[in-house]
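I opened the file to look up ring pairs, packing and one sheet. My entries follow in the order I made them.

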Amino acid sequence: MRSCLSPFVNTHRLVKFTASGCGTQLKRTFASSGLRRASATRVVGDLERRIAAIPLDRFRNFCIVAHVDHGKSTLSDRLLELTGTIAPGGNKQILDRLDVERERGITVKAQTCSMIYNHKGQDYLLHLVDTPGHVDFRAEVSRSYASCGGALLLVDASQGVQAQTVANFYLAFSQGLQLVPVINKIDLPSADPPRALTQMQSTFELEPENAVLVSAKTGLNVESILPTVIEKIPAPIGDHLKPLRILLVDSWYSTYKGVILLVRIFDGQIKAGDQVVSFATGLKYHVGEVGIMYPNQTPQTLLRAGQVGYIYFNPGMKRSQEAKVGDTYTSVGCESVVEPLPGFEEPKSMVFVAAFPVDQGDYGHLEDSINQLTLNDRSVTVHKESSEALGGGWRLGFLGTLHCSVFEDRLRQEHGASIIITPPTVPFKVIWDDGKEDIIKNPADFPEKDQMLNRVAELQEPYVVATITLPEEYLGKVIELCEGNRGEQKELQFFTATQVILKYELPMAQLVDDFFGKLKGVTKGYASLDYEEAAYRKSNITKLQLVVNKIPVDAVARVVHASQAERLGRQWVTKFKEHVSRQMFEVVIQAAVGRRVVARETIKPFRKDVLSKLHASDVSRRRKLLEAQKEGRKRLRAVGNITIDHKAFQNFLAK
């Protein structure tokens, strides 16, 4: 009897408690099945033993940065194969996990993986981050740098240095990362490695003798990269004996585990069963599991200073708003002795769209889907809004048009959402007569003409500095395109005999209107584009509205430059007329700027032939019947409400 009761008797006792050197205290503890399960003994495998034997000075954290389509994901595959993390000849671009990434052939999310590499008889723990290349995902690249000590700066031997290569270099340089130049695709017939090396030397002052020349596709000379990484990139700084201090780098949602956190451990160590607290929210959690990405989630007994890995809690973190990227976590009781890490600069949304469910019954499901995606992509801003025409919806803010397009694709593919997305708009600044300034993100909130005459001192729109790299033969066409989009030339530089860097100040509104697509068209795909915010500048902008039977359609309002209002208005009324069905009364579709109508189309009503029964009647009799019909039309038009089907809005707003 005594032996049967012993497990229950011993659970209530006084123990000595030490939290990573944060102080010792006597604490009464009660064992519970949940906590016992969280800290259960795991079988330690060969991988874990090898990692445990590697000291901090043999850790290396690095990322691969490059312009779009320079071969980052392919090179990641070769490095994973070289270290035995994945089997050779398996899946292509294994770190591109999203459907939209495989479909478009671009990296959207920064993905991570740990590798063990034996160099000169010693094991090294390498942590690799594969980053996106497009300017719209610069926030992902910036976050990746926080967990790294160096970067491979990858350049395509046939394309040379391009716009995003320049942007990534300066971003890495400003954060003090050690850069290793790598020239990729040297096996292509059009490859010109000497030209690429010269460009890197003249643009970045990186010496050609330090560069590694490889072909990620064929695996040529890839084995030279990792020894260079070990020699050139410093080991992370940290102390596993200090109190726990970890930085939240990224997060994603699992239906079964709740929110999973990707973290970089700066000091201390963390294991299942530990209790941690967030500096941002003050909430406390019990750690359910820790592990590394190898390349998928691989549980470990503990993570220590210098490592990058994942953790999730038991019970799980269910509210996505609790996981604030850039937050610092520490052990409960150590809050007073641990200094929180600086975190990340919040990216500013530059492109806004309104999103509405096709069926208002799907509103709740779509809201959950948007919240789960924003957990994984913190650069998206979400505000609720409503439209008389389309019902309840959201105003979503993005870093660029590709960012917006990818988010829309993920909603449709991963969550099966049916949505209506309005065309992208940018924020505008209104300076009132009393000196107050307002940023207008929704065109429906833009002041009307009558308001502007009395109260508005100035209207401003955002400009960006666009850096375009292109072959010299397309220079004339690109200048013509920029000038046609209200651009102002700032700089023209030949950095080789055939390559040009062109800098223009462009209105952000023109940039989001498929400027990149037009640029690719006039240069046959050879130009590349990067941009950064400049400032707000005074502009002659106005609100263009679509009006149906004298009632404005709020979901379609747009702020445009005065010079474009008439052209865009004519396009609107012509396109909208195609998608609105005929009614029993006349439907008038107008595009208006304030009270001024800039374009009009009319949909004629269904008409009964009232003269069909008359054969040889007098002309006055005919006229009387037609007048009676006209009066009936007027009465019907006065009381009739036009109902526009959702399909009409979908088709009108489709590109």
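**Rings, core and sheet**

I began with charges over rings: the charged end of Arg537 sits over the ring of Tyr463, 4.2 Å from its centre. I found another such case at Arg264, which lies over the face of Phe266, 4.1 Å from the ring centre. I note here that the model is predicted.

**Aromatic pairs**

I searched the whole structure for aromatic pairs and got 8. I looked up Phe169 and Phe173: the ring centres are 5.7 Å apart and the planes stand at 20°, so I entered the pair as stacked, the cut-off being under 30 degrees. Both residues belong to helix H7 (residues 163-174), where they are 4 residues apart, about one turn of the helix. Is each of the two buried or exposed? Phe169 has a relative accessible area of 5% and is buried, whereas Phe173, with 58%, is exposed.

I then took Phe313 and Tyr329, whose ring centres are 6.4 Å apart with planes at 35°, so this pair is tilted. The pair links distant parts of the chain, with Phe313 in strand E16 and Tyr329 in strand E17, 16 residues apart. I checked burial here too: Phe313 is buried at 2% relative accessibility, and Tyr329 is buried at 0%.

I also traced a cluster in which ring pairs link Phe169, Tyr170, Phe173 and Phe204.

**The loop after E16**

I placed Asn314 in the loop between strand E16 (308-313) and strand E17 (328-331). I read 30% relative accessibility for Asn314, which therefore counts as partly exposed. I looked up its distance to Gly273, 41 residues away along the chain, and the C-alpha atoms are separated by 8.6 Å.

**Helix H6**

Which residues of helix H6 (residues 138-146) are buried? I listed Ala139, Glu140, Val141, Arg143, Ser144 and Tyr145. I then looked up what covers these buried residues, and the cover includes strand E3 (59-65), strand E5 (122-130), H7, strand E9 (245-254) and helix H10 (363-376).

**Largest nonpolar core**

I counted 35 residues in the largest nonpolar core, where Phe446, Ile468, Leu470, Met508, Leu511 and Phe515 have the most contacts inside it. Among the elements that give two or more residues to this core are strand E22 (428-432), strand E24 (456-471), helix H13 (475-484) and strand E27 (528-538). E24 supplies the largest share, 6 residues. I noted as background that nonpolar side chains tend to be buried together in soluble globular proteins.

I followed Phe446 further, leaving aside neighbours within four places in sequence. Its contacts are Phe428, Ile440, Met452, Leu459, Ile541, Thr542, Lys543 and Val559.

**The four-stranded sheet**

I traced an open sheet of 4 strands in the order E19-E20-E18-E21, with antiparallel pairing. Strand E19 (381-387) and strand E21 (419-421) are at the edges and have a single partner strand each, so one side of each lacks a neighbour in the sheet. I noted an average twist of 30° from one strand to the next.

How many bridges join E19 to strand E20 (residues 391-398)? I found 7, and the two strands run antiparallel. I looked up Ser386, whose bridge partner in E20 is Gly392.

My last entry concerns H10, which lies across strand E18 (351-357), E19, E20 and E21. H10 runs at about 15° to E20.

Key. Residues are numbered from 1 along each chain as its sequence is written. This is a predicted model: local features need pLDDT of at least 70, side-chain atom pairs count only at pLDDT 80 or more; totals for chains, interfaces and linings use all residues. Side-chain values use heavy atoms; hydrogens and water are left out. Buried means under 20% relative accessible area, exposed over 50%, partly exposed in between (1.4 Å probe, protein chains only). Rings of Phe, Tyr and Trp (its six-membered ring) pair if their centres lie within 6.5 Å; planes under 30 degrees apart count as stacked, over 60 as edge-to-face and the rest as tilted. A charge sits over a ring if NZ of Lys or CZ of Arg is within 6 Å of the ring centre and within 35 degrees of the ring normal. Contact means heavy atoms within 4.5 Å. A nonpolar core is a set of buried Ala, Val, Leu, Ile, Met, Phe, Trp, Tyr and Cys residues joined through side-chain atoms within 4.5 Å. Two strands pair if DSSP finds at least two bridges between them. Axes are lines fitted to C-alpha atoms, for helices over the stretch in contact, and angles run from 0 to 180 degrees between N-to-C directions.
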